Amino acid sequence: MTPVGILITMAAYFAAMLFVSRMAAGGGENSAFFRGRRNTGWWVVAFAMIGSCMSGVTFVSVPGMVGVSGMAYLQMCMGFFLGYMAIAFVLVPLYFRLNVYSIYQYLEGRFGLTAYKTGAWFFFLSKMLGASVRLYLVCLILQMLAFGPLGLPFVLNVFLAMIVVLAYTRRGGVNSLVWTDVLRTGCMLTAVVLTLVFIARDLGLDLLGMVEAIRGSEMSRVFHFDDINHPQYFWKQFLGGLFTVIAMTGLDQDMMQHTLCCKSPSDSQKNLIVSTLLQNLVIFFFLCLGVLLYLYADANGIRESGDRLFPAVATDGRLPAIVGILFTIGLTASAFGAGGSALTALTTSFTVDILGTGGKDETAVRRTRNRVHLAMAAGMGAVILIFSKLNSTSAIDAVYKLASYTYGPILGMFAFGVLTRRRVKDRRVPLVAVLSPLICLVLQLNSERWFGGYRFSYELLPLNAALTFAGLRIFCTLPSSSDTR
């Protein structure tokens with residue numbers, strides 16, 4: 001597929017996305033921007049959340065990671081399911097009862113203003129870094145496939161990406177996101193399924209042959225119970241998946257803005273249960289695609305691997321042109337939809353949590369919101385350019401590792417608030433929230449030397465949360481006479 005063809009395909013998808021966004025935007029009210037109108041059918045949100053949970057990193061990294069870790073990612077997916085159940089039946093009723101714009105407003109009522117701001121700042125850091133890593137990888141691939149061959153600089157690539165994200169989220173907020181996520185989910189699923197079909201056909205495999213080829217490959221291994229020191233050990237992956245979903249979905253303003261668009265708590269719960277089942281099925285398809293991509297690459301002398309494998313196979317011209325088109329649409333849909341979702345959540349959290357909306361009328365809040373929205377887009381673009389200077393090619397593994405450090409304190413604070421009735425010394429909360437990830441960093445850097453070869457994986461997140469919980473209990477708890485809500 002030619003660079004011009006890639007850009008034309010992207011432009012066509014952007015036009016469709018902007019049309020859907022404008023149709024869903026409504027009057028641009030602040031409440032609709034921050035949390036939707038709470039009149040969206042749960043089945044619509046469930047389908048949309050398949051796409052909203054998967055970024056461009058997922059689209060290229062999950063198939064690419066099969067060459068190193070096989071299908072071990074499914075161990076995390078098992079933890080994802082239990083994590084979604086905890087969100088559905090513990091956090092969703094809490095959020096609906098509080099009826100807040102931002103989920104971090106819970107921390108203010110439970111602990112105090114300092115804890116509230118601490119949670120908001122940790123989310124801001126988490127989402128800004130995580131979203132930028134995701135968009136950086138996509139911009140890097142687009143630079144390799146389209147902008148670079150046309151002699152266009154990476155800075156222009158990033159600038160145009162942020163303009164597009166701004167354009168379809170500026171007015172409609174969450175309402176626009178839900179319906180554009182429906183579009184991107186449909187495009188992404190179509191791209192994955194049809195790419196599977198075309199590659200299998202090129203390899204001379206029918207449906208049964210494709211199943212046998214995947215099952216017979218060494219890359220189809222799922223479970224790892226044999227070495228507790230290995231990062232792919234089952235319980236590390238399972239528990240990492242459980243706590244990662246609770247933190248990155250249940251305690252993430254971005255993801256909860258979607259599910260809180262539903263009409264009632266019961267509808268939100270239905271949405272989460274159906275959504276996690278569908279998401280795990282889609283991830284399984286991505287992993288199967290990864291096996292076939294490696295088989296195809298090996299048969300055709302393609303040397304790329306990891307994050308570069310899918311783009312290389314889809315655009316090298318040996319498969320039908322439709323495969324390149326499908327890849328471009330799927331990548332564009334997943335990447336820029338995730339960027340818009342993150343931008344809306346960052347705008348909501350910074351406007352409501354950090355700047356505050358108390359005492360401001362609708363017009364003043366809208367004016368502040370629009371300025372913050374523009375500033376967040378500029379900030380994401382700047383971080384992407386910094387990643388490019390550092391020559392970082394981190395992908396899905398890096399996203400989860402970042403989450404282990406930045407979401408851990410948030411998870412610990414929410415767990416302490418929900419599971420105990422103790423009050424805390426509000427001003428000490430930031431110290432505990434900063435020290436916990438620093439201790440985790442020291443442990444990770446020295447674990448092999450201190451613990452007989454043990455290497456941390458995604459279980460670093462629950463450890464970080466546990467340290468925050470313990471720190472709040474030991475250093476911040478008020479005397480028992482004050483243990484009332």
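These notebook entries record what I looked up in a predicted model of a single chain.

**Entry 1. The chain overall**

I began with the secondary structure, which comes to 20 helices and zero strands. I then asked what share of the 485 residues counts as buried. The figure is 60%. For the surface, I noted that the chain exposes about 18,900 Å², and that carbon and sulfur atoms supply 65% of this area. I also looked up how contacts are distributed along the sequence. Among contacts with a separation of 6 or more, 85% are between residues 24 or more positions apart.

**Entry 2. Helix α13 and its surroundings**

I checked helix α13, which covers residues 265–300, for agreement between its length and its residue count. With 36 residues at 1.5 Å a residue, the expected span is 52 Å. The C-alpha atoms at its ends are 52 Å apart, so the two values agree. I looked next at what follows the helix and found G301, with a positive phi near 70°.

Within α13 I selected D267. Is D267 buried or exposed? D267 counts as buried because its relative accessibility is 13%, and the cut-off for buried is under 20%. I recorded its C-alpha distance to G41 as 7.7 Å, although 226 residues separate the two in sequence. Setting aside residues up to four places away, D267 touches W42 and C262.

I then turned to P93, which lies in helix α5 (residues 73–98). P93 has 27% relative accessibility and therefore counts as partly exposed. From P93 to S268 there are 175 residues in sequence, while their C-alpha atoms are 9.1 Å apart. Not counting residues up to four places away in sequence, P93 touches A88 and Q269.

**Entry 3. Two buried polar residues**

I looked up N157, a residue of helix α8 (residues 154–169). Its relative accessible area is 2%, so N157 is buried. Which backbone oxygen lies 2.8 Å from a polar atom of the N157 side chain? I found that it is the backbone oxygen of C139. C139 also appears in the contact list of N157, together with L142, Q143 and F147, once neighbours within four places in sequence are left aside.

S349 was the second residue I examined here, and I located it in helix α15 (residues 321–355). S349 is buried, with a relative accessible area of 1%. Leaving aside neighbours within four places in sequence, I listed Y104, A120, F123 and I354 as its contacts.

**Entry 4. Salt bridges**

I asked how many salt bridges a search of the whole structure finds. The search finds four. I followed up several of them in turn.

The side chains of D252 and K127 meet at 3.1 Å, N to O. D252 lies in the loop between α11 (234–250) and α12 (253–259), and K127 in helix α7 (residues 113–147), so this pair ties together parts that are 125 residues apart in sequence. I noted that both D252 and K127 are buried.

A further salt bridge joins R215 and E212, with 2.5 Å from N to O. Both residues lie in helix α10 (residues 207–216), and their separation of three residues is about one turn of the helix. R215 is exposed, with a relative accessible area of 58%, whereas E212 is partly exposed at 39%.

I also recorded the salt bridge between R221 and D226, whose closest N and O atoms are 3.4 Å apart. Here R221 is partly exposed, at 39% relative accessible area, and D226 is exposed, at 63%.

**Entry 5. A nonpolar patch on the surface**

Last, I looked up which residues form a nonpolar patch on the surface. They are L431, V434, L435, L438, I439, L441 and L445. Together these residues have about 640 Å² of accessible area. I took L435 as one member to examine, and placed it in helix α19 (residues 429–450). L435 is partly exposed, because its relative accessible area is 41%.

Methods:
Residues are numbered from 1 along each chain as its sequence is written. This is a predicted model: local features need pLDDT of at least 70, side-chain atom pairs count only at pLDDT 80 or more; totals for chains, interfaces and linings use all residues. Side-chain values use heavy atoms; hydrogens and water are left out. Patches are made of residues with over 30% relative accessible area and no salt bridge: like charges are joined within 9 Å, nonpolar side chains (Val, Leu, Ile, Met, Phe, Trp, Tyr) within 5 Å. Accessible areas come from the Shrake-Rupley method with a 1.4 Å probe; for residues, only the protein chains shown count as cover. Helices (H or I, at least four residues) and strands (E, at least two) are DSSP runs, numbered from the N terminus. Buried means under 20% relative accessible area, exposed over 50%, partly exposed in between (1.4 Å probe, protein chains only). Contact means heavy atoms within 4.5 Å. A polar contact is a pair of N or O atoms within 3.5 Å; within protein, one must be able to donate a hydrogen and the other to accept it, and residues adjacent in sequence count only if both atoms are side-chain atoms. The expected span of a helix is 1.5 Å times one less than its number of residues.
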